[in-house]
Amino acid sequence: MSHRVLIPTPLRPYTGQQDAVEADGATVGDVLTSLTSKHGELKRHLYGDDGKLRHFVNIYVNDDDIRYLEKERTALKPGDVISIVPSVAGGAPVSAPPESAAELPALTNDEIQRYSRHLILPEVGLEGQRKLKAGRVLCVGAGGLGSPAALYLAAAGLGTLGIIDFDTVDASNLQRQILHSTNDIGRSKLASARDRLSALNPALNVRSYETALTSKNALEIFRDYDVILDGTDNFSTRYLVNDACVILGKPNAYGSIFRFEGQASVFATKGGPCYRCLYPEPPPPGLVPSCAEGGVLGVLPGVIGTIQATETIKLLLGGGSTLIGRLLLYDAWNMRFRELKLRRDVDCPVCGDHPTVRELIDYDQFCGIAPPQTVAATPSNGVQEVSVQDLNAKLTSGAPVFLLDVREPNEFQIARIPGSTLIPLGQVGSRVEEIRTAAAGREILVHCKMGSRSAKAVQVLKDNGIEAKNVKGGILAWVDQVDPSLPKY
Amino acid sequence: MTTGVGNRVTTITAAALEAIRAHGVQTFPDECCGALIEIGGVIAEAFALPNTTTSGAARRFQIGPRDYRASEARATELRGTLAGFYHSHPNHPARPSQHDLDQAWPNFSYVIISVNAAVPGDITCWHLKDDRSAFEQGELLCPTES
């Protein structure tokens, strides 16, 4: 019985360029034997040295793969058409990632003793510990989140930890940034971090990057790491970290904190969502207060940073269920954990199916932050400003001034400028008339902690027809330049 | 643009080359793959296909029989022929691996693009020797790209 056999393009040179030939047989195997005896060169491409069909050769009877029929014994009916359909496969040589156990560094006897509690966990074991030793993690920021994360990663036996930060240790950091101690005040955070981490684990290779992370250096720095741990405290760097991770295909162990609330997730893994899938647009500049303005419970970054370290370790081990596709929300005040499901946005400009962002951009601009020189040249948004020296001169000369403090009552309790009236920013809009009456024609000067909330208050007053000026630098500038006896917070 | 030296010359349009580069970047750090459609002696289209491998797309690609048939259909639709396939080697040179050789089909052009850290790199073209013993490097010629 003769059957039609459809020949795929690459095999047509062996059938005189015919796309179909006739061959006899009662079963698929018979037909293929008669085909290869007629067109001998087909044989080595269809069959391996073991005489079996190569696994990337698919044989179909009509529309059915013979693997799901009776393979080569599949009987044929008159009119059945046989197709040879290629699978095409291949790939890069497997060598680069330290996946195979042979390429992982060995553990010394001291290390075996040190990590014994890990080694007896089947999920970690000797191989997992060696993966940690081979692991390279970059911690962006040595602050609230970076501190617990770096300490636990060092303790866990990570091989290489990069830290990027350009700040110095301030007394107000010590309430949460447990990498640093009282003696470290005024030192660079990197020097302090290195001392602390090396004391904990001398085998840890610490690489310091004393610079701001920018679009120019991010890819070059990230390239050498397996996991990026985002401990940043501002939106433009957070978007920069996200985009660089997506572009390089590096997982981003993300965390953020504010007041009593924290978030954590794992972004930028293959097929998983990125930070932009969750938050496509940055918030308008100035809308979200920083931790310096809004406060943060000191132990909160301890919880979130430790979660980031946990996720990082699982990513390096290649096991467990990570926060990929889940946003973990933590409310420390009410002690509640919640979870949101996240999905990769196919329209995401960075990790979507048709990405439009393929290189790093200007993230300050993206987040609506004007470059510093333009800020200096013109007062923000046309809001008029006075310096703390001017304010002091006016107050001491007895000039008619109404000094409005728009901070919160708890801040007012910590430190205040004598003669000021407290109306928190959130109430300014509803208490405009009260302010108008109280000012009674005097010049209205508004201050807060650092100057950004008071600038908003000045704008609110202006919208209601009241002229006012912003005290530049807020009460912190006042403490620095006028009255150092007041506490800074 | 010309890469490689060899007796077999494969001509490709700039648009098809660009599509291969973009696809390699898009799927980085995983491998991309697709079909090469030749029209009038020139590879005029890089027809992107899903990588259906189940053994780690960072180091493997697979085009199943269904997508192979789709590639033949695409070639027919364009009044062209299926000239071969392309795939990317993320963070690896644009040279065929043993794995590529084991699974290669004769008479096809195998175009490989190296993508390093999401930046497209070298593009090379290879053909399986008739005795299946090795790949021979061909010349990939793009007349409009200097």
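The following paragraphs describe the fold of chain A, its interface with chain B, and a few local backbone features in a predicted model.

Confidence in chain A averages a pLDDT of 90, with 95% of its residues reaching 70 or more. Two stretches depart from this level: over residues 95–102 of chain A the pLDDT is below 50, although the stretch has twelve contacts in the model beyond near neighbours in sequence, and over residues 372–379 of chain A the pLDDT is likewise below 50, with two such contacts.

Chain A contains 20 helices and 19 strands, and buried residues account for 49% of its 489 residues. Among the contacts in chain A that link residues at least 6 apart in sequence, 63% join residues at least 24 apart. The area that chain A exposes is about 23,300 Å², of which carbon and sulfur atoms supply 52%.

Strand β5 of chain A, spanning residues 81–86, has five of its six residues buried and is therefore largely enclosed by the rest of the structure. Strand β1 of chain A (residues 2–6) runs parallel to β5(A) and is joined to it by three bridges; here A:R4 has A:V81 of β5(A) as its bridge partner. Strand β3 of chain A (residues 57–61), by contrast, pairs with β5(A) in the antiparallel sense over five bridges, and within this pairing the bridge partner of A:Y60 is A:S83. Both arrangements are available in general, since strands of a sheet pair through backbone hydrogen bonds, either parallel or antiparallel.

Elsewhere in chain A, five strands form an open sheet in the order β15-β19-β18-β16-β17, with parallel pairing. The edges of this sheet are taken by β15 (385–386) and β17 (421–422) of chain A, each of which has a single partner strand, so that one side of each is left without a neighbour in the sheet. At one of these edges, strand β16 of chain A (residues 401–405) is joined to β17(A) by two bridges, the two strands running parallel, and A:D405 finds its bridge partner in A:L422 of β17(A).

The interface between the chains brings 39 residues of chain B into contact with 40 residues of chain A. Between them the two chains bury about 3,400 Å², 58% of it on carbon and sulfur atoms. On the side of chain B, the residues that lose the most area to chain A are B:R69, B:Q103 and B:W105, which together contribute 22% of what that side buries. Three salt bridges are found across the interface of chain B and chain A. A:R12 forms a salt bridge with B:E72, in which the closest N and O atoms are 3.8 Å apart.

Certain backbone geometries also merit description, given that most residues other than glycine have a negative phi and most peptide bonds are trans. The peptide bond from B:F28 to B:P29 is cis, with omega near 10°, and B:P29 is found in the loop between α1 (14–27) and β3 (33–39) of chain B. A:A440, a residue other than glycine, has a positive phi near 45°; A:A440 lies in the loop between α18 (432–439) and β18 (443–447) of chain A and, at 59% relative accessibility, counts as exposed. B:N107, which is not a glycine, also has a positive phi, of about 65°. The position of B:N107 is in the loop between α3 (98–102) and β7 (109–116) of chain B, where B:N107 is partly exposed, with a relative accessible area of 29%.

Key
Residues numbered from 1 in each chain as written. Chains lettered and ligands numbered in written order. Predicted model: local features only at pLDDT ≥ 70, side-chain atom pairs only at ≥ 80, totals over all residues. Heavy atoms only, no water. pLDDT = per-residue confidence, 0-100. Contact = heavy atoms within 4.5 Å. Buried < 20%, exposed > 50% of the residue type's maximum accessible area, 1.4 Å probe, protein only. Helix = DSSP H or I, 4+ residues; strand = E, 2+ residues; numbered from the N terminus. Pairing = 2+ DSSP bridges. Areas by Shrake-Rupley, 256 points an atom, 1.4 Å probe, with all protein chains shown as cover. Buried area = accessible area lost by both parts, 1.4 Å probe. Salt bridge = Lys/Arg side-chain N within 4 Å of Asp/Glu carboxyl O.
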